[in-house]
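User: Could you take a close look at one part of this model with me? I would like a friendly walk through how two helices meet.

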Amino acid sequence: MTDREDDLDDLKAAMTAATPAPDPARQRQTLSQAQAAFARRQAQSQPTGGGLTWLADLLSGRVWAGLATTATALIAVGVLMLPPEGPPAPSPASLSAPAPDAALQGEASVASREGTSRTLMATPEVLSDTPATPEASGDSPRTTGDPWAALAADLSAGRLPSPEAVSVRALVNALDVPALPPASYAVPWNPDVRLADSGDPSDPDRFRLQPAAQTAVSDPDAWITFVIAAAGFAERLRLGEDIDGWDTEDALALAESVEVGADQSAVRIAMRDAVRLLAD
Amino acid sequence: MMTDDSELARAAADGDAAAFAAILDRHYAGLFGLCFRLTGARPEAEDLCQDICLALPGKISSYAGQAKLTTWLYRVAVNAAHDRRRKQARHAKARDGWGDWEANRRAADAETATQIDWLHQAMGALPETLRDTLALTLDDITHAEAAEILGVSEGTVSWRISQARKALRAMRTAEDAP
């Protein structure tokens, strides 16, 4: 190298010499993929259109969930005027679907996830006054391993669950965590939300995400850290993409940063499997 | 025909596929160059550039039009590079940026290869914040614009450049020492 007064000049010249032109084939491929992604996104964000909007809502389950939980939605039955040959009546299972999830997640799936994630995440799914249904909260924290196993099965089959199918409450309450003093804890993906723990393993709705102002915060132990990792992973699935810097690998790193006790129902293994599958 | 970046970005945010394609066509080469300067390796740069382009359909609606489109785009790129490094580090697969120069010098002539060797040695020895700052300013991006892209003050950019200059001088002195 020549001896120059300012080495930055040398560095700039070297950088210019070293910087290659983009590979044309790779450029074509990337641009084509990006344009296809743009088209898919536009198609997803298009309203179903005029008179068929109600049909899309019915098929997606949003209307049934709303009917089950709000009095105002009952009025909508009359307004909708379902045709005799319309969709079949909702099953009891669909009527008991977690309404707050449906409302929030329906919005999350329609809205731009990039642009609105902070707004959405400031409204955790369990803030509704509507009591949790058994389906939403899990039957028992000791016996319900199915949500995680089902999630892992979906992911291993190469399918992402739809945001509507993800219930943070069901997933975190499926983890068999021993009794702890009641407390609430900060979560790393949203400063405005806390993980509240009633501390009672027999409480099917033991863990909840709540607004930060409701309760005090304490330091989490290993079990709670694991639950926070699970809740964060479920939130990431529910909101579709990374949440303000928090992503699947953060959840995995947090889950793997702690050692927790025996896992008789293998729920925690299923949880780690699910996170790893999505992180890979 | 739209020629203004902001106009194209607004149209793309409104769902105009042709405007989105025009943005990509217009800025891919610049974006790739920045990706290379941020990573120091062509394959990494290609992958990073692809990540950014595939994320753009979801991000374009957040472009508010207050900054130049390239400023916004480069900010997206710098953030994506940081995310990628973080993830790679977590997976223990990371090559420290600017650590793998063999592929870059392979096709170069002897003089250019020497220049590239020095570039990789110098960039590899600098802290990440200085490297990222240089990745922008060595491409004739102003300190003010680099500050906006990096989310720091213009004074911080100038200070980083002066730190980089000092580090380069120290490296040169060490090289020249008998």
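Which hand does the crossing of H7(B) and H8(B) have, left-handed or right-handed?

Analyst: Happy to help! This is a predicted model, in which local features need pLDDT of at least 70 and side-chain atom pairs count only at pLDDT 80 or more, while totals for chains, interfaces and linings use all residues. Residues are numbered from 1 along each chain as its sequence is written, chains are lettered from A and ligands numbered from 1 in the order in which they are written, and side-chain values use heavy atoms, with hydrogens and water left out.

Now to your question: H7(B) and H8(B) make a right-handed crossing (the near helix is turned clockwise from the far one by less than a right angle). H7 covers residues 128–137 of chain B and H8 covers residues 143–150 of chain B; their axes come within 10 Å and cross at roughly 130°. Helices here are DSSP runs (H or I) of at least four residues, numbered from the N terminus. Axes are lines fitted to C-alpha atoms over the stretch in contact, with angles from 0 to 180 degrees between N-to-C directions. The crossing angle makes H7(B) oblique to H8(B) (under 35 degrees is roughly parallel, over 145 roughly antiparallel, 65 to 115 roughly perpendicular, and the rest oblique).

As for the residues, H7(B) brings Thr133(B), Leu136(B) and Thr137(B) to the contact, and H8(B) brings His143(B), Ala146(B), Ile149(B) and Leu150(B); contact means heavy atoms within 4.5 Å. By class, the contact of H7(B) with H8(B) has 4 nonpolar, 3 polar and no charged residues (Ala, Val, Leu, Ile, Met, Phe, Trp, Tyr, Cys and Pro count as nonpolar, Asp, Glu, Lys and Arg as charged, and the others, Gly among them, as polar).

Elsewhere in chain B, Phe20(B) sits in helix H2 (residues 17–39).

Note on methods. Helix = DSSP H or I, 4+ residues; strand = E, 2+ residues; numbered from the N terminus.
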